[in-house]
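I open this notebook to record what I looked up in the structure shown below. The entries follow the order in which I consulted it.

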Amino acid sequence: MKALITGASSGIGKEIARYLASLGYDLLLVARNTEKLCKLRDELTDVDIRIITLDLSREQDSYDLYEHTKDEKIDFLVNNAGFGAYGKFTEVPLEKEIQLIHTNVCAVHILTKLYLQDMVQRNSGYILNVGSAAGFLAGPTFSSYYASKNYVVRLTEAIHEELRRDKINVGISVLCPGPVQTNFNNVADVKFCIRGLTPEFVARYAVDKTFKRKMVITPGFEMKAAKFFQHFASEKLLTRISYNVQMKKNGM
């Protein structure tokens with residue numbers, strides 16, 4: 001068995017790598033930081049590990065990744081690479097937003113399509129796309145990130161139903177956690193206003209639910225409750241609440 005994990009150098013991706021290694025998966029670990037990937041490889045000595053240094057904010061790198069690994073028979077794909085950009089839409093640098101879109105949207109789309117086509121042909125495999133609870137809402141002052149995760153959630157849901165209708169034995173899921181104790185908030189320059197879940201818990205929960213063919217995976221009681229109560233509020237009210245939440249992340 002072999003898994004490919006993007007964004008594997010830290011956070012949820014790193015913990016998914018550890019968990020899948022404990023289950024006997026050989027790993028292809030992808031990230032920009034070679035040093036961190038090497039440290040993880042040195043830690044996980046019971047399985048075969050190959051590290052690949054790429055920057056998925058460059059569209060061509062997604063195609064290159066597939067070309068370099070398409071003969072590896074990937075049994076489990078984890079699209080985890082992603083980042084956020086905090087600030088009002090008119091103030092966030094456009095270049096940063098384009099990098100975000102290439103990483104959070106284009107890379108997920110390209111890799112999902114290319115590896116899924118191989119899995120469908122074999123009639124086996126799993127794909128876990130890492131979205132966010134942000135994928136259920138609009139996000140004033142975090143607009144590009146929220147929009148990107150909405151794309152990941154809806155794309156995954158649509159593919160899940162296509163596979164179900166065609167009775168294809170390939171599982172695809174989207175992980176939608178709330179705050180997680182990772183380096184994400186440092187990169188996005190925000191502070192969470194509620195305590196986050198540990199990446200170890202989120203990783204194990206996500207992988208276990210993926211194996212059970214769960215379409216949308218929402219770890220933690222608070223996020224499950226929040227998602228439930230969203231059904232009873234208008235989009236206008238939810239967007240206003242979202243704005244207030246984002247402002248608290250910035251300490252305002």
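**Entry 1: aromatic pairs.** I began with the aromatic rings, and the count came to eleven aromatic pairs. The model I consulted is a predicted one. I then examined Tyr66 and Tyr115, whose ring centres are 5.1 Å apart and whose planes stand at 80 degrees, so I entered the pair as edge-to-face. Tyr66 belongs to helix H3 (residues 59-69) and Tyr115 to helix H4, so this pair ties together parts that are 49 residues apart in sequence. I looked up the burial of both residues: Tyr66 is buried, and Tyr115 is buried as well.

**Entry 2: a second pair.** I turned next to Phe76 and Phe211, which form an edge-to-face aromatic pair with 5.6 Å from centre to centre and 90 degrees between the planes. Phe76 lies in strand E4 (residues 76-79) and Phe211 in helix H7 (residues 199-211), so I noted a link between distant parts of the chain, 135 residues apart. Are these two rings buried or exposed? Phe76 has 0% relative accessibility and therefore counts as buried. Phe211, at 27%, counts as partly exposed. I also recorded that Tyr25, Phe76, Tyr126 and Phe211 form one aromatic cluster.

**Entry 3: helix H7.** Since Phe211 is in H7, I looked up this helix. H7 has 13 residues and reaches 18 Å from its first C-alpha to its last, close to the 18 Å expected. Its buried residues include Pro199, Val202 and Tyr205. After H7 comes Arg213, with a positive phi near 65 degrees.

**Entry 4: helix H1.** I looked up H1 (residues 11-22) in the same way. Its twelve residues reach 17 Å from the first C-alpha to the last, close to the expected 16 Å. I found H1 mostly covered, with nine of its twelve residues buried. Among them are Gly11, Ile12, Glu15 and Tyr19. Just after H1, Gly24 takes a positive phi of about 95 degrees.

**Entry 5: the sheet.** In what order do the strands of the open sheet lie? I recorded seven strands in the order E3-E2-E1-E4-E5-E6-E7, with parallel pairing. Strands E3 (49-53) and E7 (216-217) are the edge strands, each pairing on one side only. E1 (residues 2-6) and E2 (residues 26-31) run parallel and are joined by five bridges. I noted Leu4 opposite Leu28 in E2.

**Entry 6: salt bridges.** The structure holds 13 salt bridges. In one of them, the side chains of Glu35 and Lys39 meet at 3.8 Å, N to O. Both residues lie in helix H2 (residues 34-43), four residues apart, about one turn of the helix, and both are exposed.

I then looked up Arg58, which forms a salt bridge with Asp55 (3.8 Å, N to O). Arg58 also forms one with Asp61, where the closest N and O atoms are 3.0 Å apart. Arg58 is partly exposed, at 47% relative accessible area, while Asp55 is buried at 15% and Asp61 is buried at 8%. I further noted a network of salt bridges linking Lys2, Arg50 and Glu72.

**Entry 7: a charged residue without a salt bridge.** My last search concerned Glu97 in helix H4 (residues 94-122). Glu97 is buried yet has no salt bridge, and the nearest side chain of opposite charge, Lys96, is 9.9 Å away. Not counting residues up to four places away in sequence, Glu97 touches Phe89, Val92 and Ser144.

Conventions. Residues numbered from 1 in each chain as written. Predicted model: local features only at pLDDT ≥ 70, side-chain atom pairs only at ≥ 80, totals over all residues. Heavy atoms only, no water. Helix = DSSP H or I, 4+ residues; strand = E, 2+ residues; numbered from the N terminus. Expected span 1.5 Å × (residues − 1). Buried < 20%, exposed > 50% of the residue type's maximum accessible area, 1.4 Å probe, protein only. Lys, Arg positive; Asp, Glu negative; His and termini not counted. Salt bridge = Lys/Arg side-chain N within 4 Å of Asp/Glu carboxyl O. Contact = heavy atoms within 4.5 Å. Phe/Tyr/Trp six-rings, centres within 6.5 Å; stacked < 30°, edge-to-face > 60°. Pairing = 2+ DSSP bridges.
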